Every structure is written in structure tokens, then in C-alpha cells.
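Please open the model in your viewer and keep the sequence panel beside it. The tour below goes from one selection to the next and says what is there at each stop.

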Amino acid sequence: MFLAIDVGNTQTTLGLFDEKGQMLHGWRMSTNSVDTADMLHGRLFTFFMKDGLLLDDISAGGIACVVPAISRAWKRCFEVLLKRPLVAISASSNTGVPVHMPHPERVGADRIANAVAARDRYGSPVVVVDFGTATNIDVVDDSGAYRGGAISPGLMLSANALFERAAKLSSIPIEAPASALGDDTESAVQSGLVIGTAAQAEGLVARILQEPGIGGAKIIATGGLAKTVSVATDVFDVVDPELTLRGIYLIWKRG
């Protein structure tokens with residue numbers, strides 16, 4: 001089976017795919033830049049053991065990583081400890097999706113994976129809004145090419161910045177309130193964070209849809225906070241939390 005690894009700045013998600021491309025198991029853990037290959041191997045062992053799996057079930061892996069030190073640790077974990085190949089995803093990979101940008105080599109691997117999976121599953125044009133540490137918007141136009149998008153601070157990044165300066169607010173749960181008009185401190189903060197994030201996505205998507213070749217695009221939400229934000233807006237056609245992992249699998253499958 002194939003293990004897809006999406007390493008973000010704060011969270012790492014993993015998905016185990018069978019030979020038919022079905023994601024059978026998924027896990028999430030914190031990203032820690034000081035993790036060693038041995039530590040990552042131990043975490044994998046724990047995940048697999050709890051789900052009745054063996055590490056020998058892994059035949060290969062693919063990784064989209066924005067933290068270079070962790071990328072090296074994962075490479076050693078696979079090639080030295082697991083003795084399995086690990087493919088690093090990038091814009092130069094054989095993705096099948098051309099990148100129409102001045103500097104394609106600068107595009108994050110997770111954004112490329114989102115574009116590949118979204119085009120494969122939903123066709124083109126398509127717009128992906130990925131709610132993680134940052135909120136990334138990735139756009140595939142009607143020719144099937146990746147055109148770029150937008151990057152802004154994510155919901156939790158904004159929340160943490162607020163809570164650091166206002167300690168009394170730190171116990172407020174991150175969820176959508178009943179109304180945008182908060183009638184107490186808790187609901188006001190929830191409105192600003194969750195509905196504010198949703199409104200930002202709505203505004204950016206509306207402008208992007210006016211660009212040539214993007215009109216009529218399906219709008220897809222993904223990322224760890226997609227479900228939290230999606231309840232505060234009707235802009236999304238689909239919420240697909242596994243999109244990035246599926247993109248990693250599809251790129252690996254193309255060779």
C-alpha cells in the first residue's frame with residue numbers, strides 16, 4: 001500500500017491508499033521540526049499497530065513538505081528504516097497539470113497536489129480553498145492548467161495572534177456562532193475568526209471567478225479547518241478533507 005504524507009507547518013496528515021486508490025486509513029499528528037527518522041518511525045508504528053496494520057504493508061510513500069528538516073527525516077525513515085522508496089512531490093514532478101506561472105519551481109508541493117486531485121476529481125476550471133496554517137487558494141483554469149491563487153494567514157494563526165495579546169480569550173472554542181452579530185465576547189470572537197475567515201474566502205473566490213478562464217469553476221474546501229469554516233458559508237460546492245493526500249497519491253501513480 002502507498003502512504004501519502006502532507007507535512008504542513010503545524011500539522012502532518014497521512015493517508016494509506018490501496019492499489020485501487022482508495023484511502024483506507026488516515027492519521028494526523030503535530031509537525032515538529034526536531035523529529036528524527038527514528039521518532040517518525042515510532043509514530044508510524046503506533047498508528048499502524050492501533051489499526052491492526054503492519055509497517056511492512058507500506059510498499060512506497062510520497063511526501064509534500066514545506067519544512068525541509070522534516071523532509072530529510074522522512075526520507076531517512078523510509079529509505080533506511082522502512083527500506084521503501086519515498087517520492088518528494090514538487091512542481092517539477094510528472095503531475096499532468098501544467099503550471100502557468102513565471103516561477104513554477106516556487107509553488108508549494110501541497111498546492112500542486114491540491115490542483116492535481118481537484119482537476120482529477122472535479123474537472124476544470126476548479127478552485128480549491130485549503131484551510132491550514134495559512135489559507136491557500138489554488139486555481140486550475142478551463143484549459144486544465146494551474147494558474148496560481150492566493151495565500152493569507154490561516155484561522156488558527158489569526159486566533160493564536162489574538163489570544164497571545166488577549167489572554168482572557170484563549171479558552172473560547174473555535175467554531176461558527178449562530179449569527180455574525182455576536183451578542184457576547186465569545187460569539188463576537190467566533191464571528192470575527194470563523195465567519196471572518198469564511199467571508200475572506202467568499203470575497204477572494206468571487207474576484208478570482210472574474211478572471212479569464214475561471215468562470216463557472218467548482219469551489220472545493222479542504223484542509224484541517226475546512227469543516228469548521230464551511231458551516232459559515234455556502235460558497236463551497238464540496239468539502240473534501242482528503243484532497244491533498246489524494247493528490248500526492250495521484251502524482252506518485254503517474255510516476
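Is Trp 252 buried, partly exposed or exposed? At 28% relative accessibility, Trp 252 counts as partly exposed, given that buried means under 20% relative accessible area, exposed over 50% and partly exposed in between, with a 1.4 Å probe and protein chains only. Before going on, please note that this is a predicted model, in which local features need pLDDT of at least 70 and side-chain atom pairs count only at pLDDT 80 or more, while totals for chains, interfaces and linings use all residues. Residues are numbered from 1 along each chain as its sequence is written, and side-chain values use heavy atoms, with hydrogens and water left out.

**Aromatic rings**

Keep Trp 252 selected and add Phe 2, which is buried with a relative accessible area of 2%. Rings of Phe, Tyr and Trp (for Trp, the six-membered ring) pair if their centres lie within 6.5 Å, and planes under 30 degrees apart count as stacked, over 60 as edge-to-face and the rest as tilted. By this rule the count comes to eight aromatic pairs. In one of them, the ring centres of Phe 2 and Trp 252 are 4.3 Å apart with the planes at 20°, so this pair is stacked. The two residues are 250 residues apart and link distant parts of the chain, with Phe 2 in strand β1 (residues 2–7) and Trp 252 in helix α7 (residues 243–254); helices (H or I, at least four residues) and strands (E, at least two) are DSSP runs, numbered from the N terminus. Adding Phe 17 and Tyr 249 to the selection shows one aromatic cluster, formed by Phe 2, Phe 17, Tyr 249 and Trp 252.

Next select Trp 74 and Phe 78, whose ring centres are 6.4 Å apart with the planes at 55°, so the pair is tilted. Both residues lie in helix α2 (residues 68–82), four residues apart, about one turn of the helix. Trp 74 is buried, with a relative accessible area of 0%, and Phe 78 likewise counts as buried at 0% relative accessibility.

**Two threonines**

Move to Thr 31, in the loop between β3 (23–30) and α1 (37–50), where it is buried with a relative accessible area of 15%. A polar atom of the Thr 31 side chain lies 3.2 Å from the backbone oxygen of Gln 11. If neighbours within four places in sequence are left aside, the residues in contact with Thr 31 (heavy atoms within 4.5 Å) include Val 7, Gly 8, Val 67 and Ile 70.

Then select Thr 197 in helix α5 (residues 185–208), which counts as buried at 10% relative accessibility. The side chain of Thr 197 reaches the backbone oxygen of Leu 193 at 2.6 Å. Beyond its neighbours within four places in sequence, Thr 197 is in contact with Phe 131, Thr 135, Leu 155, Gly 192 and Val 229.

Leu 193 also leads to Ala 159, in helix α4, since Ala 159 touches Ile 174 and Leu 193 when residues up to four places away in sequence are not counted. Ala 159 is buried, with a relative accessible area of 0%, and its C-alpha atom is separated by 9.5 Å from that of Gln 190, 31 residues apart along the chain.

**Backbone details**

Which peptide bond is cis? The bond from Ser 124 to Pro 125 is cis, with omega near 5°, and Pro 125 is found in the loop between α3 and β6. Now select Lys 83, in the loop between α2 and β5 (86–88), which has a positive phi of about 55° although it is not a glycine. At 62% relative accessibility, Lys 83 counts as exposed.

**Last stop**

Finish at Leu 209, in the loop between α5 and β9 (218–222), which is partly exposed with a relative accessible area of 28%. Leu 209 and Asp 141 are 68 residues apart in sequence and 9.9 Å apart in space, C-alpha to C-alpha. Not counting residues up to four places away in sequence, Leu 209 touches Ile 214, Gly 215, Ala 217 and Ile 219.

Technical notes
Polar contact = N/O pair within 3.5 Å; in protein donor to acceptor, adjacent residues only side chain to side chain.
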